[in-house]
Amino acid sequence: NYEQSLSRLFPELERTMRHTDLEIQQHPSGYIPHRTIVPFYLPRNWDRQIGGPANPALDGMLGTVLKTYREYRQGGGREWLLELWPRVKRLMDYVMKTLDPDSDGVLEGEQPNTYDISIYGPNSFIGSLYLAALRAGEEIAKLAGDDATAKLYRDIYEKGRKNLPAQIWNGEYYIQKVDMEKYTEHQFGTGCHADQMLGQWWADQLDLGYVLPEDQVRTTLRSIVRYNWRENFVGIEQTPRIFASEQDKGLLICTWPKGGKPRVPTLYSDEVWTGIEYEVAGLLLHEGMVDDALKIIRGARGRYDGRERNPWNEIECGDHYARAMSSWALLEIAAGQRYNANDGFLAFAPRITPENFRCFFITTSGWGTFEQKASEAGQTETLLGRYGETKLRALEFTFAGAKTPRQVTATLNGKSAPLESNVSGKTVRLEPATEVALRAQDVLRIEIAGS
(Lines give C-alpha, C1' and ligand atoms only; values in the text may rest on other atoms or scores of the structure.)
Protein backbone atom coordinates (compact mmCIF):
# COMPACT_ATOMS: atom_id res chain seq x y z
CA ASN A 1 0.00 0.00 0.00
CA TYR A 2 2.99 2.33 0.35
CA GLU A 3 5.28 1.47 -2.57
CA GLN A 4 4.47 3.70 -5.56
CA SER A 5 7.56 3.48 -7.79
CA LEU A 6 6.74 0.37 -9.82
CA SER A 7 3.39 1.69 -11.04
CA ARG A 8 5.07 4.78 -12.50
CA LEU A 9 8.23 3.22 -13.92
CA PHE A 10 6.88 -0.14 -15.09
CA PRO A 11 3.07 0.21 -15.26
CA GLU A 12 2.53 -2.94 -17.33
CA LEU A 13 4.43 -5.00 -14.74
CA GLU A 14 2.40 -3.44 -11.93
CA ARG A 15 -0.83 -4.40 -13.70
CA THR A 16 0.19 -8.07 -13.56
CA MET A 17 0.14 -7.74 -9.76
CA ARG A 18 -3.52 -6.73 -9.89
CA HIS A 19 -4.11 -9.84 -11.97
CA THR A 20 -2.47 -11.87 -9.20
CA ASP A 21 -4.51 -10.14 -6.50
CA LEU A 22 -7.90 -10.38 -8.16
CA GLU A 23 -7.78 -13.37 -10.49
CA ILE A 24 -5.51 -15.76 -8.56
CA GLN A 25 -5.54 -14.76 -4.90
CA GLN A 26 -9.16 -13.75 -4.41
CA HIS A 27 -11.31 -16.14 -2.40
CA PRO A 28 -14.77 -16.93 -3.86
CA SER A 29 -16.33 -14.91 -1.02
CA GLY A 30 -14.34 -11.83 -2.04
CA TYR A 31 -11.44 -11.49 0.39
CA ILE A 32 -7.78 -11.53 -0.67
CA PRO A 33 -5.03 -13.21 1.43
CA HIS A 34 -2.01 -10.99 2.00
CA ARG A 35 0.65 -13.61 1.22
CA THR A 36 0.98 -15.02 -2.28
CA ILE A 37 2.12 -18.61 -2.63
CA VAL A 38 4.14 -19.45 -5.75
CA PRO A 39 4.03 -21.29 -8.07
CA PHE A 40 0.41 -20.34 -8.69
CA TYR A 41 -0.77 -23.92 -9.10
CA LEU A 42 -0.25 -24.53 -5.37
CA PRO A 43 -3.25 -24.12 -3.02
CA ARG A 44 -4.06 -20.55 -1.97
CA ASN A 45 -4.05 -19.26 1.59
CA TRP A 46 -7.81 -19.69 1.82
CA ASP A 47 -9.82 -20.57 4.92
CA ARG A 48 -6.77 -20.84 7.17
CA GLN A 49 -4.58 -18.61 9.32
CA ILE A 50 -1.84 -16.92 7.31
CA GLY A 51 0.58 -15.30 9.74
CA GLY A 52 1.62 -11.69 10.22
CA PRO A 53 -1.39 -11.10 10.75
CA ALA A 54 -3.30 -14.36 11.11
CA ASN A 55 -6.28 -13.34 8.98
CA PRO A 56 -6.35 -11.57 5.57
CA ALA A 57 -5.02 -8.04 5.93
CA LEU A 58 -7.84 -5.53 5.55
CA ASP A 59 -5.57 -2.63 4.64
CA GLY A 60 -4.16 -4.75 1.82
CA MET A 61 -7.63 -5.46 0.46
CA LEU A 62 -8.65 -1.81 0.52
CA GLY A 63 -5.34 -0.96 -1.10
CA THR A 64 -6.12 -3.38 -3.93
CA VAL A 65 -9.15 -1.26 -4.86
CA LEU A 66 -7.05 1.91 -4.82
CA LYS A 67 -4.25 0.32 -6.82
CA THR A 68 -6.69 -0.99 -9.43
CA TYR A 69 -7.95 2.55 -10.00
CA ARG A 70 -4.35 3.80 -10.02
CA GLU A 71 -3.39 1.28 -12.71
CA TYR A 72 -6.32 2.45 -14.82
CA ARG A 73 -5.08 6.03 -14.57
CA GLN A 74 -1.54 4.87 -15.38
CA GLY A 75 -2.62 3.52 -18.74
CA GLY A 76 -4.47 0.29 -18.00
CA GLY A 77 -7.43 1.50 -20.02
CA ARG A 78 -11.17 1.00 -19.69
CA GLU A 79 -11.23 -2.50 -21.18
CA TRP A 80 -8.64 -3.71 -18.67
CA LEU A 81 -10.58 -2.08 -15.85
CA LEU A 82 -13.91 -3.61 -16.89
CA GLU A 83 -12.40 -7.09 -16.82
CA LEU A 84 -11.51 -6.63 -13.15
CA TRP A 85 -14.58 -4.66 -12.08
CA PRO A 86 -16.72 -7.70 -11.05
CA ARG A 87 -13.90 -8.86 -8.77
CA VAL A 88 -13.36 -5.38 -7.31
CA LYS A 89 -17.09 -5.21 -6.62
CA ARG A 90 -16.99 -8.63 -4.94
CA LEU A 91 -14.11 -7.44 -2.76
CA MET A 92 -15.97 -4.29 -1.73
CA ASP A 93 -19.10 -6.33 -1.02
CA TYR A 94 -17.07 -8.57 1.29
CA VAL A 95 -15.61 -5.62 3.21
CA MET A 96 -18.94 -3.82 3.55
CA LYS A 97 -20.92 -6.89 4.64
CA THR A 98 -18.24 -8.09 7.06
CA LEU A 99 -17.09 -4.85 8.68
CA ASP A 100 -19.68 -2.19 7.82
CA PRO A 101 -22.98 -4.08 7.88
CA ASP A 102 -24.96 -0.98 8.89
CA SER A 103 -23.45 0.99 5.96
CA ASP A 104 -22.54 3.97 8.12
CA GLY A 105 -19.07 4.30 6.58
CA VAL A 106 -17.27 3.29 9.80
CA LEU A 107 -15.45 -0.03 10.04
CA GLU A 108 -15.59 -2.03 13.23
CA GLY A 109 -14.61 -5.54 14.24
CA GLU A 110 -11.30 -7.22 13.47
CA GLN A 111 -9.03 -5.24 11.16
CA PRO A 112 -5.86 -7.24 10.38
CA ASN A 113 -3.11 -5.06 8.93
CA THR A 114 0.50 -4.57 7.89
CA TYR A 115 1.67 -4.11 11.48
CA ASP A 116 1.33 -7.90 11.80
CA ILE A 117 -1.58 -7.60 14.22
CA SER A 118 -5.30 -6.84 14.22
CA ILE A 119 -6.81 -3.64 15.57
CA TYR A 120 -10.44 -3.16 16.55
CA GLY A 121 -12.96 -0.36 16.57
CA PRO A 122 -13.17 2.91 14.64
CA ASN A 123 -9.79 4.38 13.64
CA SER A 124 -8.53 6.52 10.80
CA PHE A 125 -5.60 4.32 9.74
CA ILE A 126 -7.90 1.69 8.24
CA GLY A 127 -10.94 3.98 8.24
CA SER A 128 -9.42 6.54 5.87
CA LEU A 129 -8.36 3.73 3.52
CA TYR A 130 -11.97 2.54 3.50
CA LEU A 131 -13.22 6.02 2.63
CA ALA A 132 -10.64 6.35 -0.14
CA ALA A 133 -11.53 2.87 -1.45
CA LEU A 134 -15.22 3.85 -1.54
CA ARG A 135 -14.33 6.92 -3.59
CA ALA A 136 -12.10 4.92 -5.94
CA GLY A 137 -14.79 2.26 -6.19
CA GLU A 138 -17.31 4.95 -7.08
CA GLU A 139 -15.11 6.18 -9.93
CA ILE A 140 -14.56 2.62 -11.20
CA ALA A 141 -18.30 1.89 -11.04
CA LYS A 142 -19.02 5.03 -13.08
CA LEU A 143 -16.53 3.94 -15.74
CA ALA A 144 -18.22 0.52 -15.77
CA GLY A 145 -21.63 2.12 -16.23
CA ASP A 146 -22.84 0.71 -12.90
CA ASP A 147 -24.57 3.84 -11.63
CA ALA A 148 -26.42 2.05 -8.83
CA THR A 149 -23.20 0.76 -7.26
CA ALA A 150 -21.51 4.14 -7.75
CA LYS A 151 -24.36 5.77 -5.83
CA LEU A 152 -24.20 3.13 -3.09
CA TYR A 153 -20.48 3.73 -2.56
CA ARG A 154 -20.98 7.49 -2.59
CA ASP A 155 -23.77 7.36 -0.04
CA ILE A 156 -21.72 5.21 2.36
CA TYR A 157 -18.69 7.44 1.81
CA GLU A 158 -20.64 10.60 2.66
CA LYS A 159 -21.89 8.99 5.88
CA GLY A 160 -18.42 7.78 6.81
CA ARG A 161 -16.78 11.12 6.17
CA LYS A 162 -19.05 12.58 8.86
CA ASN A 163 -19.41 9.62 11.21
CA LEU A 164 -15.76 8.58 11.50
CA PRO A 165 -14.32 11.96 12.63
CA ALA A 166 -17.27 12.44 14.98
CA GLN A 167 -16.23 9.28 16.82
CA ILE A 168 -12.43 9.55 16.89
CA TRP A 169 -11.35 13.21 16.56
CA ASN A 170 -9.88 14.48 19.83
CA GLY A 171 -9.27 18.06 18.71
CA GLU A 172 -5.62 17.45 17.74
CA TYR A 173 -5.55 14.12 15.92
CA TYR A 174 -7.48 10.91 15.35
CA ILE A 175 -7.49 8.21 18.01
CA GLN A 176 -8.68 4.60 18.04
CA LYS A 177 -12.03 4.02 19.74
CA VAL A 178 -11.55 0.58 21.25
CA ASP A 179 -12.57 -1.39 24.33
CA MET A 180 -9.13 -1.78 25.93
CA GLU A 181 -10.49 -4.18 28.56
CA LYS A 182 -11.67 -6.54 25.84
CA TYR A 183 -8.73 -6.06 23.47
CA THR A 184 -5.82 -5.84 25.88
CA GLU A 185 -2.92 -6.11 23.42
CA HIS A 186 -1.73 -4.52 20.17
CA GLN A 187 -4.05 -1.48 20.16
CA PHE A 188 -2.95 2.17 20.19
CA GLY A 189 -6.03 3.77 21.75
CA THR A 190 -5.30 7.43 22.53
CA GLY A 191 -1.96 7.38 20.72
CA CYS A 192 -0.90 9.75 17.96
CA HIS A 193 -0.15 7.36 15.09
CA ALA A 194 2.00 8.65 12.22
CA ASP A 195 0.12 6.36 9.80
CA GLN A 196 -3.32 7.62 10.76
CA MET A 197 -4.09 9.33 7.41
CA LEU A 198 -2.87 6.72 4.95
CA GLY A 199 -6.15 6.90 3.04
CA GLN A 200 -5.82 10.67 2.63
CA TRP A 201 -2.33 10.19 1.21
CA TRP A 202 -3.82 7.83 -1.37
CA ALA A 203 -6.72 10.17 -2.09
CA ASP A 204 -4.28 13.01 -2.77
CA GLN A 205 -2.48 10.93 -5.38
CA LEU A 206 -5.63 9.72 -7.11
CA ASP A 207 -7.43 13.09 -7.28
CA LEU A 208 -10.17 11.85 -4.96
CA GLY A 209 -10.33 14.96 -2.79
CA TYR A 210 -10.44 15.19 1.00
CA VAL A 211 -11.78 11.97 2.51
CA LEU A 212 -11.31 13.54 5.93
CA PRO A 213 -12.23 17.15 6.85
CA GLU A 214 -9.63 19.51 5.40
CA ASP A 215 -9.07 21.49 8.60
CA GLN A 216 -8.64 18.30 10.62
CA VAL A 217 -6.11 16.97 8.12
CA ARG A 218 -3.90 20.02 8.65
CA THR A 219 -4.29 20.00 12.43
CA THR A 220 -3.49 16.28 12.56
CA LEU A 221 -0.33 16.78 10.50
CA ARG A 222 0.86 19.50 12.86
CA SER A 223 0.21 17.15 15.78
CA ILE A 224 2.14 14.28 14.18
CA VAL A 225 5.15 16.55 13.69
CA ARG A 226 4.80 17.99 17.19
CA TYR A 227 4.46 14.69 19.01
CA ASN A 228 6.28 12.10 16.89
CA TRP A 229 9.29 13.97 15.49
CA ARG A 230 12.57 13.56 17.34
CA GLU A 231 15.68 15.71 16.91
CA ASN A 232 17.58 12.81 18.48
CA PHE A 233 16.85 9.50 20.17
CA VAL A 234 18.85 9.94 23.33
CA GLY A 235 17.01 8.21 26.16
CA ILE A 236 14.36 6.76 23.84
CA GLU A 237 14.04 3.00 23.73
CA GLN A 238 13.40 1.83 20.19
CA THR A 239 11.78 -1.56 20.35
CA PRO A 240 11.66 -4.26 19.12
CA ARG A 241 14.11 -3.07 16.44
CA ILE A 242 16.49 -0.13 16.24
CA PHE A 243 16.57 1.76 12.93
CA ALA A 244 18.07 5.06 14.16
CA SER A 245 21.16 5.90 16.21
CA GLU A 246 20.97 8.21 19.21
CA GLN A 247 22.23 11.20 17.22
CA ASP A 248 19.85 10.64 14.31
CA LYS A 249 16.61 12.48 13.60
CA GLY A 250 13.38 10.75 12.74
CA LEU A 251 9.66 10.20 13.16
CA LEU A 252 8.38 7.67 15.68
CA ILE A 253 5.46 5.59 14.46
CA CYS A 254 3.28 6.19 17.52
CA THR A 255 3.44 8.29 20.68
CA TRP A 256 1.05 8.91 23.57
CA PRO A 257 1.28 12.65 24.33
CA LYS A 258 -1.84 12.55 26.50
CA GLY A 259 -0.87 9.35 28.30
CA GLY A 260 -2.64 6.04 28.11
CA LYS A 261 0.05 3.98 26.38
CA PRO A 262 -1.11 0.36 26.58
CA ARG A 263 1.10 -2.17 28.33
CA VAL A 264 1.35 -4.04 25.01
CA PRO A 265 0.68 -1.47 22.25
CA THR A 266 0.52 -2.00 18.52
CA LEU A 267 3.69 -3.65 17.26
CA TYR A 268 6.53 -1.39 16.08
CA SER A 269 5.12 1.77 17.71
CA ASP A 270 8.57 2.71 19.01
CA GLU A 271 10.34 2.22 15.67
CA VAL A 272 11.24 4.59 12.83
CA TRP A 273 10.32 3.62 9.26
CA THR A 274 11.32 5.72 6.26
CA GLY A 275 8.26 4.45 4.38
CA ILE A 276 5.97 6.13 6.90
CA GLU A 277 8.17 9.24 7.07
CA TYR A 278 7.85 9.75 3.31
CA GLU A 279 4.08 9.27 3.53
CA VAL A 280 3.77 11.94 6.24
CA ALA A 281 6.15 14.25 4.36
CA GLY A 282 3.98 13.84 1.25
CA LEU A 283 0.86 14.79 3.18
CA LEU A 284 2.67 17.83 4.58
CA LEU A 285 3.83 18.91 1.12
CA HIS A 286 0.33 18.56 -0.26
CA GLU A 287 -0.93 20.93 2.45
CA GLY A 288 1.83 23.46 1.78
CA MET A 289 3.66 22.71 5.04
CA VAL A 290 6.97 22.63 3.21
CA ASP A 291 9.41 23.24 6.07
CA ASP A 292 8.08 20.37 8.15
CA ALA A 293 8.02 18.09 5.11
CA LEU A 294 11.64 18.84 4.24
CA LYS A 295 12.66 18.40 7.87
CA ILE A 296 11.33 14.85 7.87
CA ILE A 297 12.83 14.04 4.46
CA ARG A 298 16.25 15.37 5.49
CA GLY A 299 16.07 13.37 8.69
CA ALA A 300 15.39 10.16 6.80
CA ARG A 301 18.05 10.75 4.17
CA GLY A 302 20.50 11.91 6.82
CA ARG A 303 20.32 8.48 8.43
CA TYR A 304 21.20 6.92 5.07
CA ASP A 305 23.96 9.28 3.94
CA GLY A 306 26.62 6.57 3.68
CA ARG A 307 28.34 7.17 7.01
CA GLU A 308 26.47 4.52 9.00
CA ARG A 309 24.09 3.05 6.44
CA ASN A 310 23.90 2.25 2.75
CA PRO A 311 22.22 5.17 0.87
CA TRP A 312 20.55 2.65 -1.46
CA ASN A 313 19.14 0.32 1.20
CA GLU A 314 16.61 1.79 3.61
CA ILE A 315 15.99 -1.02 6.08
CA GLU A 316 12.69 -1.76 7.77
CA CYS A 317 11.67 -5.39 8.17
CA GLY A 318 14.70 -6.30 6.06
CA ASP A 319 17.13 -5.09 3.41
CA HIS A 320 15.77 -3.11 0.44
CA TYR A 321 12.32 -3.08 1.98
CA ALA A 322 9.50 -2.08 -0.39
CA ARG A 323 7.76 0.45 1.88
CA ALA A 324 10.60 2.96 1.37
CA MET A 325 9.39 3.34 -2.22
CA SER A 326 6.58 5.48 -0.89
CA SER A 327 9.22 8.13 -1.56
CA TRP A 328 8.19 8.25 -5.23
CA ALA A 329 5.04 10.15 -4.33
CA LEU A 330 7.18 13.00 -2.98
CA LEU A 331 8.35 13.89 -6.49
CA GLU A 332 4.83 14.17 -7.87
CA ILE A 333 3.42 15.93 -4.81
CA ALA A 334 6.27 18.47 -4.84
CA ALA A 335 5.61 19.12 -8.53
CA GLY A 336 1.85 19.12 -8.04
CA GLN A 337 1.79 16.57 -10.84
CA ARG A 338 -1.50 14.90 -11.71
CA TYR A 339 -1.81 12.47 -14.60
CA ASN A 340 -4.50 10.38 -16.25
CA ALA A 341 -3.34 8.52 -19.34
CA ASN A 342 -6.88 7.74 -20.46
CA ASP A 343 -7.78 11.42 -20.73
CA GLY A 344 -4.36 12.52 -21.98
CA PHE A 345 -4.35 14.82 -18.94
CA LEU A 346 -1.23 16.21 -17.30
CA ALA A 347 -1.06 18.96 -14.69
CA PHE A 348 1.63 20.69 -12.65
CA ALA A 349 1.41 23.04 -9.67
CA PRO A 350 4.81 23.16 -7.93
CA ARG A 351 4.64 23.38 -4.16
CA ILE A 352 8.35 24.10 -3.66
CA THR A 353 9.95 27.24 -5.15
CA PRO A 354 7.22 27.71 -7.79
CA GLU A 355 9.11 30.73 -9.13
CA ASN A 356 12.00 28.48 -10.21
CA PHE A 357 11.09 24.81 -10.33
CA ARG A 358 12.44 21.94 -12.42
CA CYS A 359 11.84 18.21 -12.18
CA PHE A 360 11.73 14.89 -13.96
CA PHE A 361 8.32 13.58 -15.00
CA ILE A 362 7.19 10.26 -16.39
CA THR A 363 3.98 9.11 -18.06
CA THR A 364 2.79 5.74 -19.33
CA SER A 365 4.77 5.91 -22.56
CA GLY A 366 7.40 8.60 -22.18
CA TRP A 367 9.37 10.82 -19.88
CA GLY A 368 11.03 14.21 -19.83
CA THR A 369 11.55 17.32 -17.72
CA PHE A 370 9.17 20.02 -16.58
CA GLU A 371 10.31 23.55 -15.73
CA GLN A 372 8.40 26.53 -14.38
CA LYS A 373 9.73 30.09 -14.21
CA ALA A 374 7.40 32.55 -12.52
CA SER A 375 7.38 36.26 -11.71
CA GLU A 376 4.73 38.85 -10.84
CA ALA A 377 4.24 39.58 -14.54
CA GLY A 378 3.68 36.02 -15.64
CA GLN A 379 5.21 32.58 -15.91
CA THR A 380 6.62 30.10 -18.39
CA GLU A 381 5.95 26.36 -18.42
CA THR A 382 8.36 24.17 -20.41
CA LEU A 383 7.99 20.47 -21.11
CA LEU A 384 10.96 18.78 -22.75
CA GLY A 385 10.53 15.25 -24.08
CA ARG A 386 13.45 12.92 -23.39
CA TYR A 387 12.17 9.48 -24.30
CA GLY A 388 9.15 7.82 -25.85
CA GLU A 389 5.93 9.67 -26.51
CA THR A 390 3.51 11.44 -24.18
CA LYS A 391 0.07 12.05 -25.68
CA LEU A 392 -1.62 15.15 -24.36
CA ARG A 393 -5.22 16.28 -24.78
CA ALA A 394 -5.42 18.55 -21.74
CA LEU A 395 -2.89 20.44 -19.62
CA GLU A 396 -3.34 22.38 -16.40
CA PHE A 397 -1.07 24.82 -14.60
CA THR A 398 -1.50 26.96 -11.50
CA PHE A 399 -0.58 30.62 -11.78
CA ALA A 400 1.89 31.38 -9.01
CA GLY A 401 1.88 35.19 -9.08
CA ALA A 402 -0.40 37.60 -7.24
CA LYS A 403 -2.03 38.75 -10.47
CA THR A 404 -4.73 36.99 -12.47
CA PRO A 405 -3.69 34.89 -15.47
CA ARG A 406 -4.81 36.63 -18.63
CA GLN A 407 -3.14 35.76 -21.93
CA VAL A 408 -1.87 32.29 -22.83
CA THR A 409 0.33 31.38 -25.80
CA ALA A 410 2.00 28.10 -26.66
CA THR A 411 4.72 26.89 -29.01
CA LEU A 412 5.86 23.39 -29.95
CA ASN A 413 9.47 23.33 -31.16
CA GLY A 414 9.32 27.07 -31.73
CA LYS A 415 6.15 26.99 -33.84
CA SER A 416 2.77 28.23 -32.71
CA ALA A 417 0.64 25.50 -31.12
CA PRO A 418 -3.10 26.28 -31.21
CA LEU A 419 -4.55 25.75 -27.75
CA GLU A 420 -7.92 26.58 -26.31
CA SER A 421 -7.36 28.10 -22.89
CA ASN A 422 -9.78 28.36 -19.98
CA VAL A 423 -8.92 30.35 -16.86
CA SER A 424 -10.65 29.68 -13.54
CA GLY A 425 -9.15 31.61 -10.66
CA LYS A 426 -5.48 30.69 -10.62
CA THR A 427 -5.96 27.55 -12.73
CA VAL A 428 -5.15 27.63 -16.44
CA ARG A 429 -6.47 24.71 -18.49
CA LEU A 430 -5.24 24.18 -22.03
CA GLU A 431 -6.77 21.89 -24.63
CA PRO A 432 -5.06 21.57 -28.03
CA ALA A 433 -7.16 21.49 -31.19
CA THR A 434 -5.61 18.10 -31.95
CA GLU A 435 -3.78 15.72 -29.65
CA VAL A 436 -0.18 16.73 -28.97
CA ALA A 437 2.41 13.96 -28.99
CA LEU A 438 5.48 15.07 -27.01
CA ARG A 439 8.40 13.01 -28.29
CA ALA A 440 12.13 12.93 -27.52
CA GLN A 441 13.69 16.40 -27.91
CA ASP A 442 10.31 18.08 -28.44
CA VAL A 443 9.88 21.32 -26.51
CA LEU A 444 6.40 22.50 -25.53
CA ARG A 445 6.48 26.00 -24.05
CA ILE A 446 3.51 27.84 -22.57
CA GLU A 447 3.63 31.54 -21.72
CA ILE A 448 1.04 32.82 -19.24
CA ALA A 449 0.79 36.59 -18.78
CA GLY A 450 -0.86 38.13 -15.72
CA SER A 451 -2.88 41.29 -15.27
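**Exercise 1. Find how many cavities of 30 Å³ or more the structure has, then describe the largest cavity.**

Solution. The count comes to 1 cavity of 30 Å³ or more. Keep in mind as you work that this is a predicted model. Next, take the volume: the largest cavity holds about 40 Å³. Now look at the walls. Asn113, Tyr115, Ile117, Ile119, Phe125, Phe188, His193 and Thr266 line this cavity. Sorted by class, the lining has 5 nonpolar and 3 polar residues, with no charged residues.

**Exercise 2. Describe the largest pocket: its volume, its lining and the helices that contribute to the lining.**

Solution. Begin with the volume, which is about 1000 Å³. The lining of the largest pocket consists of 36 residues, and Asn1, His34, Lys67, Thr114 and Tyr321 lie nearest the centre. Then turn to the helices: H2 and H3 (58–99) each supply at least two residues of this lining. Finally, sort the lining by class, which gives 14 nonpolar, 10 polar and 12 charged residues.

**Exercise 3. Do the same for the second largest pocket, and find which element gives the most to its lining.**

Solution. The second largest pocket has about 480 Å³ of space. Its lining is made of 29 residues, with Asp204, Asp207, His286, Gln337 and Arg338 nearest the centre. Elements that give two or more residues include H3, helix H6 (198–205), helix H10 (328–335) and strand E14 (394–398). H6 gives the most, with 4 residues. By class, the lining of the second largest pocket has 11 nonpolar, 9 polar and 9 charged residues.

**Exercise 4. Of the 36 salt bridges in the structure, examine the one between Glu14 and Arg18. How far apart are the partners along helix H2?**

Solution. A general idea helps here: side chains of opposite charge can pair when their charged atoms come close. For Glu14 and Arg18, the closest N and O atoms are 2.6 Å apart. The two residues are separated by about one helical turn, because they are 4 residues apart in helix H2. Now check accessibility against the cut-off for buried, which is under 20%. Glu14 has 1% relative accessibility, so Glu14 counts as buried. Arg18 is buried as well, because its relative accessible area is 2%.

**Exercise 5. Examine the salt bridge between Arg73 and Asp207. Is each partner buried or partly exposed?**

Solution. The side chains of Arg73 and Asp207 meet at 3.8 Å, N to O. This pair links distant parts of the chain: Arg73 sits in helix H3, Asp207 in the loop between H6 and helix H7 (214–228), and 134 residues separate them. Arg73 has a relative accessible area of 7%, so Arg73 is buried. Asp207 has 34% and is therefore partly exposed.

**Exercise 6. Describe the salt bridge between Lys151 and Asp155, then name the residues in the network that includes Arg73.**

Solution. The closest N and O atoms of Lys151 and Asp155 are 2.8 Å apart. Both residues belong to helix H5 (residues 147–168), and being 4 residues apart there, they are separated by about one helical turn. Lys151 is exposed, because its relative accessible area is 52%, whereas Asp155, at 33%, is partly exposed. As for the network, salt bridges that share partners join Arg73, Asp207, Arg338, Glu396, Arg429 and Glu431.

Conventions. Residues are numbered from 1 along each chain as its sequence is written. This is a predicted model: local features need pLDDT of at least 70, side-chain atom pairs count only at pLDDT 80 or more; totals for chains, interfaces and linings use all residues. Side-chain values use heavy atoms; hydrogens and water are left out. On a 1 Å grid over the protein atoms alone, a cavity is a set of points where a 1.4 Å probe fits but cannot get out, and a pocket is an open set with protein on both sides within 12 Å along at least five of seven lines; lining residues have an atom within 4 Å of a point. Grid points are joined across faces, edges and corners, and a volume is the space filled by probe spheres set on the points. Ala, Val, Leu, Ile, Met, Phe, Trp, Tyr, Cys and Pro count as nonpolar, Asp, Glu, Lys and Arg as charged, and the others, Gly among them, as polar. A salt bridge is a side-chain nitrogen of Lys or Arg within 4 Å of a carboxyl oxygen of Asp or Glu. Buried means under 20% relative accessible area, exposed over 50%, partly exposed in between (1.4 Å probe, protein chains only).
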